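Reader: I should like a close look at a single part of this structure. Please take one helix, describe how it sits in the fold, and then turn to the open and enclosed spaces.

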Amino acid sequence: MTRTPNSLEARDIESVLHPATNFKRLNELGPLVLDRAKGVFVYDHQGRDYIEGMAGLWCTSLGYGVEEIADAARTQMLSFSYSHLFSAKSHEPAIELAEKLKALAPVKMGKVFFGCSGSDANDTQMKLLRYYNNAVGRPKKKTIISRKRGYHGVTLGSASLTGLPVQHALFDLPLDGVIHVSAPYYYRDAAPGETEAHYAARLAGELEQAILAEGPETVAGFIAEPLMGVGGVLPPPADYFKRVREICSKHEIVMIDDEVICGFGRTGSPFGATTFGMIPDTMTVAKAMSSAYAPISAVLVPDWLYEAMIEPSAANGSFGHGFTYGGHPVSCAVALKTLELMERWKIADHIADVGPHFQRRLRSFLDHPLVGDVRGVGLIGAIELVADKKSKAQFSPLGPLGLAVDRACVDEGLIIRPLGDTIAFCPPLVITKEEIDELFERFGRALATATKGAGR
Ligand SMILES: Cc1ncc(COP(=O)(O)O)c(C=O)c1O
């Protein structure tokens, strides 16, 4: 990086502490400073365009520069810029959004609790299960089972649910009371010749063994993303959630559906749960719900969970949980407008139209000598790069090739996300077929450049 004094890059390095960043690499290469965006394109401060192949962080569902969403925010800011929901205060945008989310949910939900991020929403999920089990006289039932490779956030609780070493190392995590079972990773972990259904049964067996080893009377919840995002874009094998549901029901374990990436059409149906046959008890939603124009998340819970908390909330004076900005009226207004536009613009029909094209273009890379697996559904997908296609052997160390592809993509005007040597794609849901073609043209050139360095 050329360090022009006082450039945005130099000033960034001086002052910004970046999340999820390799600080050494940042200091060597500098940040990518972006400053405007329209549709699926973002532009750096020198004016270069990039296709946002990751919808930001899997979130800018309707793309950038949507005036109606900006208008909704402005109108709400001017009419009533802030109210909380503490101590029985309320406001119409929160009421309407709660009703809307209940109407959209794939299973009957009773109440909606608003947060500001996926992480705090999943912390809320953990706390609700503690509160609930204490309320119903099962104080030992507290452990939550999550999965290796799962991503549920970075606060102390949600980072504990997350099953990725980088979120645990040096933070002394996970906290007690969270255990992790195997991820559904058919390409890498299924036995040779094993069917998806058999693999799913094997994983369900492992889950049940973990429950029995802990003692079912101590296990409160099981949390899962329908399709794992950050852990490698891993769709579940057939029957997986059917099996898991049976086990959760058998042992009275609440099944938490983390829809933070999958929700609102991403996988080709309204929720990941509907795409993959998951019947959850509670849900976490965020990201696409507001197209990331404003931060908001929500936890949806059934009536039976809420009703058990009524008496204890009275006995203790209140339900002692909530965030200053939870259910912020501007965020609620933005989410309501986003959900309205998703319907008015027929986003579900659009995904049904362009999704197969996206998946075809993605799968065309399967012929590449370093591509071991290509997977995805709807408008999300990934390409896993391997050192040896036949043995599926990974590069050692894992990661430098992914970073090289990332760098080459930036040079070609494309933003992707390297997850180790797996390259993730998750463009805004409004992307057109022509833009999908352009995305994969840019990616193809970047892959060729990056893999030249890997000797192919
Ligand atoms: C499935 C899932 N859950 C939770 C989170 C955490 O959300 P946030 O970064 O808004 O805290 C993420 C973020 O990517 C996610 O992918």
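Author: The model is predicted, and the helix chosen here is H5, which covers residues 92–104. Helix H5 has 13 residues, and the distance from its first C-alpha to its last is 18 Å. That span is close to the 18 Å expected at 1.5 Å a residue.

The burial pattern along the helix comes next. Pro 93, Ala 94, Leu 97, Ala 98 and Leu 101 of H5 are buried, each having under 20% relative accessible area. Viewed down the axis of H5, these buried residues fall within an arc of 130°, so they line one face of the helix. On the other side of H5, the exposed residues are Glu 92, Glu 99 and Ala 103, where exposed stands for over 50% relative accessible area.

The buried residues of H5 have several packing partners. Two of these are helices, namely H4 (67–79) and H14 (329–344). The buried residues of H5 also pack against strand E4 (111–115), strand E9 (282–285) and strand E10 (297–301).

Helix H5 also takes part in a pocket. The second largest pocket holds about 970 Å³ of space. Its lining comprises 29 residues, of which Leu 85, Val 112, Phe 113, Tyr 306 and Phe 319 are the closest to the pocket centre. Elements that supply two or more residues to this lining are H5, E4, E10 and helix H13 (303–315). H5 gives the most, with 5 residues. Strands E4 and E10 thus appear in both settings: the buried residues of H5 pack against them, and they contribute to the lining of the second largest pocket. By class, the lining of this pocket divides into 17 nonpolar, 8 polar and 4 charged residues.

The enclosed space involves other elements. A search of the whole structure finds 1 cavity of 30 Å³ or more, and the largest cavity contains about 50 Å³ of space. Its lining is made up of Val 181, Ser 182, Leu 203, Glu 206, Leu 207, Phe 222, Tyr 240 and Val 244. Helix H10 (196–214) and helix H11 (240–250) are the elements that give two or more residues to the lining of this cavity. The largest share, 3 residues, comes from H10. In terms of class, the cavity lining has 6 nonpolar, 1 polar and 1 charged residues.

To return to the chosen part, H5 has its buried residues along one face, and H5 is also the element that gives the most to the lining of the second largest pocket.

Conventions:
Residues numbered from 1 in each chain as written. Predicted model: local features only at pLDDT ≥ 70, side-chain atom pairs only at ≥ 80, totals over all residues. Heavy atoms only, no water. 1 Å grid on protein atoms, 1.4 Å probe; cavity = no way out; pocket = protein on both sides within 12 Å on 5 of 7 lines; lining within 4 Å. Points joined across faces, edges and corners; volume = space filled by probe spheres on them. Helix = DSSP H or I, 4+ residues; strand = E, 2+ residues; numbered from the N terminus. Nonpolar A, V, L, I, M, F, W, Y, C, P; charged D, E, K, R; others polar. Expected span 1.5 Å × (residues − 1). Buried < 20%, exposed > 50% of the residue type's maximum accessible area, 1.4 Å probe, protein only. Arc of directions from axis to C-beta. Contact = heavy atoms within 4.5 Å.
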